[in-house]
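Here are some notes for a colleague who is opening this model for the first time. Please read them with the structure in view.

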Amino acid sequence: MPRPEQKLIKLTIDGREIEAVEGTMLVDAAKQGDVEIPYFCYERRLGQPVGACRMCLVEIEGIPKLQTSCSTGVRDGMVVHTQTERVHEAQNAIVEFLLVNHPLDCPVCDKGGECPLQDISFGWGLGRTRVVEPKRHFQKPLALSPLIAIDRERCILCYRCVRFSQEIAEDWQLIFADRGSHTFVSTHDGHPYVAPFSGNIVELCPVGALTSQPYRFRARPWDIEGAGGVCTLCPAQCNVEFTVRDEKVVRVLIREHDGVDDGWLCDKGRFAYQAIHVDERITRPLVRDGGQLRPVSWERAFETAAEIARHQGRTAALVGGGASNEEAFLLQRLLREGLYSHDIDSRPGGALPLELARTLAAPALQASVPDLEFAHTVLVLGTEPLDEIPILDLRIRKGVRRNGVKLAIASPRPSALDPNAAVSLRYAPDGEAAFLSALEAALGHASSGSGDDVASLAELLRSGGEDVVIVYGESLAPAALESLVRIARLLGLEGRDGAGLLGVPASANGRGVREAGALPNAGPGYAELGAPRGRDAAAIAAAAAGGELSALYLLEVDPVRELPDRAAWEAALHHAGLVIAHASVLTDGLRDHATVIFPAESHAEKEGTVVHPDGRLQRLRAAIAHPGEVRAGWSVIAELARRCGHDLGVLTSSMAFRQLVAAVPFYAGITLEQIGGRGVRWPERPEAAALPAGGGSAQTPGAAAGTVQPAAAGQTNGHLRLGTYRSIWAAPEVEISPALHYTIAEQLVELSPADARRLEVGDGDEVLVGSGGTRLRGRAAVRTGVPEGTAFLATGIAQASANHLTEPLVEVRRA
């Protein structure tokens, strides 16, 4: 649906004339006039108010009874009073009632000093109580989950946490148990509240009833300071505030940004900050000496790394999504200008044709994150938002729940969003090209023979409304992306506000490092390189294993863990004479093969910029000092380039940014001050027209196309088609964060119930998965919705990752 029309009206609150949007809740309108109305239960992000706490009562002329300002929409000419005797008496009574059973333990409560109940008791309470009876008591604290402690004595039954669970995350795990004065927050049957977004209820709680176990008793509000930043642990790039004490991050809170995160944060972003300060973190340069990596001085590390100058024309680089735009830009300069090589890549699936990459980045086809909330139809294609960009999962649910957005899911693997979808269909792993070709034909009214599912999806996209947003995964092959562009044009999405494409990169800053030039066939800003073009990731692995390349530079990426075909990358790293890496954690590939490892910064220490998947440039600011001997990544690259005889002319991070802006035409004129704390969406700027135009589609829209590739049927010899997925928890930062140890991803082999019966495998049984002489051990997970004849394995995990397997078919049997 289109965004609602905003009509401005005028009302009067306590004699002040205030202008607000009609229908805005009175409590929010009052803030615009610098009038404070106390409340506990209200939270704009939770949707329709419930008026549970009654703290926000006000007097409205023409209405005899006091009204809850959190559930009363403003209208033109309304006259409101918040300071009358009736209002004060009601507010005093509510505060007194809430404190009947609330313990007065502020000095030892984690919420003390930043507690709304504490503030409201001082501001709107009588300062005395008539209650002399004993307060109620519960066992405390209880572990609501491994991350959250609950003190039920402090709970004021505001409903916020329960509403978040039921209406925002839609996991329905939290409930109110018992009745009357014995009511308390609980879970069904007392099971732990384990969910990807559970930490949000700690921040929502207006009292000290829900507290973070990792932060509990770690600091008081007067001991800490807040520093704004951006979480770069996934492509969502949520805006956060780091709570800092003694140069250590002790907590992460959300820094609400409607255009990015809608005010929510996943548990990985909220609790993986612990990885910054653990012993496993690399904080000194390492050099391989005698077959072992040993800590050395920076001088020794630079001397060893500078040998890369001897490998001119035979050096390649990989850039991970944890790198900033500036780091990627400087590395591609070092490689191309100093080492005369274009062999640099940042896309796990291989480089796209340059014309196609430009087309997908074109401003006319870009959708924004808020568009998901107000589109008529959203198609999620070849990606699982909950795992790959979690906050979009909540944004899509919000659009369906509040605005009636019609949701369609098309993916090989069942999605967490399937229950919300009007149309949900499966295609075989790596079958995106055939599926999209069939969908293109159905939209063009050509005979596709694709069956009812594709026809239903085509009808939904055609008739569901003009504003269509397609969220697609980076794993789509070039042929599939060509079809996707043609489909977008068939639907008239090009140049339409509120509609378009939204790509989900495989890593946090995947879009930014590509725009900075970390591509084998394009320079900064997708500029044409001319001949010769460089090798993509797969070709780099083959060339290094074959001896054509002798040095590899790994910028915040371990290809053995992160990229397909683990064996090929092990061979490539083994045969390379020099392997330079930037890393904060010692993963398998680096431990076994790196020659030099420079300690990498965490996202709380970086200075630089990143690019959100919808094109928003965001600024990283250092919240804490570098631990140990860690140095800024951009400065390490600049110093190494100088020692290789190629001075990049960079002395500060801002100088690197200015060079980047000068090299990328569609960034022209952007300054760090403009980016500030909210970011700048470059596709919305006039300078976006400087992006080189992409080519036209190679195939006429609506031309005859193939049919959807069906999921492979189960075979009597047990061979199944292999599909892969990456869990939200599959990250080194999770593995070394003590609070998140319970989430560490293991190899779960997802099977359909029919295949599980045929193979005589039960849910939770240990199984062996093999192909081409390679065997992996995992645990069976029998899931309804997995297409029969398909097995899905986790990739990106520390043990038994699916990137060991390279064949399309695998054999599954009980261990």
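**Notes on the model**

1. In strand β29, L617 is the bridge partner of V611. The model is a predicted one. The two strands concerned, β28 (residues 608-611) and β29 (residues 616-620), pair in the antiparallel sense over four bridges. Together they form a hairpin with four residues between them. In the turn, G615 has a positive phi of about 95°.

2. Is strand β28 covered on its faces or left open, and by which residues can this be judged? Both faces are covered. G608 and V610 on one side are buried, and so are T609 and V611 on the other. In a regular strand the side chains alternate between the two faces of the sheet.

3. Five strands form an open sheet with parallel pairing, in the order β20-β19-β18-β21-β22. Its edge strands are β20 (423-426) and β22 (500-504), each of which pairs on one side only. Direction ignored, neighbouring strands of this sheet are turned by 15° against each other on average.

4. Within this parallel sheet, β21 (residues 468-473) and β22 are joined by five bridges. To find the register, look at V471, whose bridge partner in β22 is L502.

5. Helix α14 (residues 452-463) lies across four strands, namely β18 (377-381), β19 (406-411), β20 and β21. The helix runs at about 140° to β20.

6. How do helices α13 and α15 lie relative to each other? The axes of α13 (residues 432-443) and α15 (residues 478-490) come within 8 Å and cross at roughly 20°. Angles under 35 degrees count as roughly parallel, so α13 is roughly parallel to α15. The crossing of α13 past α15 is left-handed.

7. Which residues make the contact between α13 and α15? On α13 they are E432, A433, L436, S437, L439, E440 and L443. On α15 they are A479, A480, S483, L484, R486, I487 and L490. By type, the residues of this contact divide into nine nonpolar, two polar and three charged.

8. There is also an open sheet of five strands with mixed pairing, in the order β2-β1-β5-β3-β4. Here β2 (16-21) and β4 (67-68) are the edge strands, each pairing on one side only. Strands β3 (residues 57-60) and β5 (residues 79-81) run antiparallel and are joined by two bridges. I60 has V80 as its bridge partner in β5. Helix α2 (residues 85-98) packs on the sheet and touches β3 and β5. The direction of α2 makes about 165° with that of β3.

9. The next points concern backbone geometry. Most residues other than glycine have a negative phi, and most peptide bonds are trans. The peptide bond from K140 to P141 is cis, with omega near -15°. P141 is found in the loop between α3 (116-124) and β6 (142-143).

10. Two residues that are not glycine have a positive phi: D178, near 70°, and Q237, about 50°. D178 is placed in the loop between β8 (174-177) and β9 (184-187), while Q237 lies in the loop between β11 (225-230) and β12 (239-245). Are these residues buried or exposed? D178 counts as exposed because its relative accessibility is 53%, the cut-off being over 50%. Q237 is buried, with a relative accessible area of 1%.

11. R333 lies in helix α8 (residues 325-338). R333 counts as buried because its relative accessible area is 13%, where buried means under 20%. Apart from neighbours within four places in sequence, R333 is in contact with G338, H646, L648 and Q659.

12. K248 lies in strand β13 (residues 248-254) and counts as partly exposed, at 47% relative accessibility. Leaving aside neighbours within four places in sequence, K248 is in contact with T243, H277 and I624. The C-alpha atoms of K248 and A604 are separated by 9.6 Å, although these residues are 356 residues apart along the chain.

Methods:
Residues are numbered from 1 along each chain as its sequence is written. This is a predicted model: local features need pLDDT of at least 70, side-chain atom pairs count only at pLDDT 80 or more; totals for chains, interfaces and linings use all residues. Side-chain values use heavy atoms; hydrogens and water are left out. Axes are lines fitted to C-alpha atoms, for helices over the stretch in contact, and angles run from 0 to 180 degrees between N-to-C directions. Angles under 35 degrees count as roughly parallel, over 145 as roughly antiparallel, 65 to 115 as roughly perpendicular and the rest as oblique. A crossing is left-handed if the near helix is turned anticlockwise from the far one by less than a right angle, and right-handed if clockwise. Contact means heavy atoms within 4.5 Å. Ala, Val, Leu, Ile, Met, Phe, Trp, Tyr, Cys and Pro count as nonpolar, Asp, Glu, Lys and Arg as charged, and the others, Gly among them, as polar. Two strands pair if DSSP finds at least two bridges between them. Buried means under 20% relative accessible area, exposed over 50%, partly exposed in between (1.4 Å probe, protein chains only).
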